[in-house]
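Colleague: I'd like a close look at one part of this model, the backbone of a single loop. Please begin there and work outward.

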Amino acid sequence: MKKEEVLENLQSIAHNPFSYLKTKKEAGKKIIGSPLADVPPEMIYAAGFLPVTILGTNQPIVKASAHLPDNACSLARSNLELVLNYETDSFDGFVFPQVCDTTQHLSDIWRMTIPSELFASFLIPRQVDRKSARHWFYTETERLKKQLEDFSGRVILEEALGESFRLYNENRSLLREIYRIKKKDPQIISNRQLFDLIRSFCFMDPQDHIPLLSDLLSDLSTESPGKGKPIKVVLSGIAVEPAQLFDILDELKVSIVGDDLTVGSRMIDYDVPSRDDPIEALTERHFAKSPFSPIRDVGTRLYDHLLQVVEEAKADGIIYFHIKFCESQDYDLPDMKKIVRDKKIPMIVLDTEYQSVARSQTKTRLEAFVESLYGEQING
Ligand code: SF4
């Protein structure tokens, strides 16, 4: 398949995954959804189900407000609205990670409000530098395995886990390669297209995703590099929503050369290593991951990691996406602003909400930021 055809196909799934998921359901697969972040999809897949990362909805909030306070984060409200109102039949079950206070409360609301065949909570240690954290994660992963086995009525065999690790590792490695090519040649695909590919990874069976990405990759490898020296930025935060924000960056001819996003590099950068014990392999992968606002060791690792991404990418500046009412990001921001200011790295903070984007206002702010970066490029 040709580049345009693959991109069109994957971008359509990225933004309307439920037609694709319906075909999977009709073929007999059960769909297991998980909100962000860190539920190992490999375990769900090895159990014979299709794991799907739930990324909320941009459609209006109608029903979720009856269950969540107005100051619950935009992601939580949008995820609940999706399953409560818009996609009531799409999921057969849920594995629900508790990563912050909001998801802890949402987990109970979800279990009591959304009818499903399976509801498994997945309790992730938030302070990953505690001695008990590894043991905790290992035990939780074992518990998840048992819950999935009870649900399917079958033991998850080591061979099935090994095959699942292999497929997901290959899937992530293809996405990393496409990202690497885009960093070298920013015009080869747009920012929106790159992040739509990562988004489609959240919904697709790797056996369907891998051949399409392989076709795309062979097409990209034969293209000649574009010209020009675009402004290079690193994106920081959890998720960039709504996706029109990427269109604005494309319109401004800004190139994304790195990120620390949960729906971004953190999702595709970490493979499951080869170990005799598959649960140990998943545990090792989890602890190798870069920090994410509510999941980290104490201290400055979140900021150190961002600075490292900026340095390695030789980026001109940082665009930080703050999800409205994300308490965890609220705590990070003052320190992050100070550290970035001390390092003299230009940064802009954009408040985002799943249901709306103040397009002209956001574009004007980003335009001013990008112009200031051009100014620094000329003067520097
Ligand atoms: S980490 Fe932030 S955005 Fe994610 S669920 Fe918790 S409060 Fe919401």
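Between which strand and which helix does the loop that holds Asp38 lie?

Modeller: Bear in mind that this is a predicted model. Asp38 sits in the loop between E1 and H3. Its phi is positive, at about 80°, although Asp38 is not a glycine. Most residues other than glycine have a negative phi, and most peptide bonds are trans. Asp38 counts as buried because its relative accessibility is 9%, and the cut-off for buried is under 20%.

The loop between E1 and H3 also holds Ala37. The peptide bond from Leu36 to Ala37 is cis, with omega near -5°.

Now step back to the strand before the loop. E1 covers residues 31-34 and pairs with E3, residues 93-98, in the parallel sense, over 2 bridges. Within E1, Ile32 stands opposite Gly93 of E3. Both strands belong to an open sheet of 4 strands with parallel pairing, in the order E2-E1-E3-E4. E2 (50-53) and E4 (118-123) are at the edges with a single partner strand each, so one side of each lacks a neighbour in the sheet. On average, neighbouring strands here are turned by 20° against each other, direction ignored.

On the other side of the loop comes H3, residues 41-46. H3 is among the elements that cover the buried residues of H9, along with H1, H7 and H8. H9 runs over residues 206-221 and reaches 21 Å from its first C-alpha to its last, close to the expected 22 Å. Its buried residues include Ile210, Leu213, Leu216, Leu217 and Leu220. His209 and Asp219 are buried there too. Residues three or four places apart on an α-helix point the same way, because a turn takes 3.6 residues. Asp205 caps the N-terminal end of H9, with a side-chain oxygen 2.8 Å from the backbone nitrogen of Gln207.

A second cis bond is worth setting beside the one in your loop. A cis peptide bond joins Glu241 to Pro242, with omega about -10°. Pro242 lies in the loop between E5 and H10, and Glu241 lies between strand E5 (231-237) and helix H10 (244-251). Glu241 counts as buried because its relative accessibility is 5%. Its side chain makes a polar contact of 2.5 Å with the side chain of Arg199. Another polar contact, of 3.2 Å, joins the side chains of Glu241 and Asn58. Beyond its sequence neighbours within four places, Glu241 also touches Leu55, Thr352, Glu353 and Tyr354, among others.

Lys314 gives you a second positive phi, near 50°, in a residue other than glycine. Lys314 lies in the loop between H13 and E7. How does its setting compare? Asp38 is buried at 9% relative accessibility, whereas Lys314 counts as exposed at 63%. Just before Lys314 is H13. The buried residues of H13 include Leu302, Tyr303, Leu306 and Val310. They pack against E5, E6, E7 and H14.

Last, the nonpolar interior. The largest nonpolar core has 112 residues, and Leu235 and Ile319 touch the most other members. H7 gives the largest share, 9 residues. A second, separate core of 18 residues includes Leu307, Ala315, Ile345 and Val349. Leaving aside neighbours within four places in sequence, Ile319 is in contact with residues including Val233, Leu235, Leu249, Leu350 and Phe369.

Notes
Residues numbered from 1 in each chain as written. Predicted model: local features only at pLDDT ≥ 70, side-chain atom pairs only at ≥ 80, totals over all residues. Heavy atoms only, no water. Expected span 1.5 Å × (residues − 1). Buried < 20%, exposed > 50% of the residue type's maximum accessible area, 1.4 Å probe, protein only. Contact = heavy atoms within 4.5 Å. Polar contact = N/O pair within 3.5 Å; in protein donor to acceptor, adjacent residues only side chain to side chain. Pairing = 2+ DSSP bridges. Axes fitted to C-alpha atoms, helices over the stretch in contact; angles between N-to-C directions. Core = buried A, V, L, I, M, F, W, Y, C linked by side-chain atoms within 4.5 Å.
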